[in-house]
Amino acid sequence: MNFRSIRPSRHAKTLAGIALVSALAACSTSHDANAPTAENLAAPLDDYLAQRGDICLAMADWPIDLTEAEAGAGARHAIQFPVMEQLGLVHSTIVAVPKSTENPDGAVKRFELTDAGRKFYKPHASVVQGAGQQKQPANDFCVAHLKREQIVDVKVDASNAQHPMAVVSYTYQIDTAPWMQDADAQRVFPMVARIANGAGGKLQLRQGFTRGDKGWVAQTGPV
């Protein structure tokens, strides 16, 4: 038999052409860096968490004074600071201050960070808020850091074709301060405890992204 005389049928050529087009389309999609896929959003999410994955307590300016009125009203510092002092993170002294309507005794309990506490007072990525709002402090008292474990879902809003948005749901790992294992610390910082206990797939967090000229960029506001 003369193998050179065999020609593929027209039907075979058509099938081969369809297969080639399909393969090229699949290849193009899988390598589209702008596509809102878990693969493409993993690196931007990791970058975001590396810079802003700290869980902080909004305790920026030390020392922090506690008035008797605040203590009597059960303010959060009045609940949290005694536990932090018990754990060796802060120490307190009674300081005389001018008397006022809010502070008729003319004294406050002033809390300052100890050497152990200063280990958790660190630079924290600042966020410029909208007009009239304050800028997030450059330093804060931070007690944990998040890392991505796995992206489990991506929801896309393509109403703005030029700058579509995506919301990533992900599980995470968390590195917490050792003293957060203390039962009293978990009691006075319940949100931190909840996030810590939700690591390893028990809880999912969400992060919003917008596609800009340089790829996917994390949003700093709520999603």
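Let's start with what is buried in helix α2. The buried residues are N40, L41, A42, P44, L45, Y48 and L49. Keep in mind that this is a predicted model.

What covers those residues? The cover includes strands β6, β7, β8 and β9, with β9 at 215-218.

Now the helix itself. α2 runs over residues 38-52, which is 15 residues. From first C-alpha to last, α2 reaches 20 Å. That is close to the 21 Å expected at 1.5 Å a residue.

Next, the strands that help cover α2. Take β6 and β7, residues 139-157 and 165-176. They run antiparallel, and twelve bridges join them. One position to find on screen: D157 stands opposite M165 in β7.

β7 also pairs with β8, residues 205-212. Again the two run antiparallel, here with six bridges. Look for S169, whose bridge partner in β8 is R206. So β7 has bridges to β6 and to β8, and β6, β7 and β8 are among the elements covering the buried residues of α2.

Now move to β4, residues 107-113. β4 pairs with β2, residues 64-67, in the antiparallel sense over four bridges. β4 is also joined to β3, residues 90-96, by seven bridges, and that pair is antiparallel too.

Which residue in β4 is the bridge partner of D65? It is R110. Then go to T93. Its bridge partner in β4 is R110 as well. So put R110 at the centre of your view, with D65 and T93 as its partners.

One general point while you look at these strands. In a regular strand, side chains alternate between the two faces of the sheet.

Notes. Residues are numbered from 1 along each chain as its sequence is written. This is a predicted model: local features need pLDDT of at least 70, side-chain atom pairs count only at pLDDT 80 or more; totals for chains, interfaces and linings use all residues. Side-chain values use heavy atoms; hydrogens and water are left out. Two strands pair if DSSP finds at least two bridges between them. The expected span of a helix is 1.5 Å times one less than its number of residues. Buried means under 20% relative accessible area, exposed over 50%, partly exposed in between (1.4 Å probe, protein chains only). Contact means heavy atoms within 4.5 Å.
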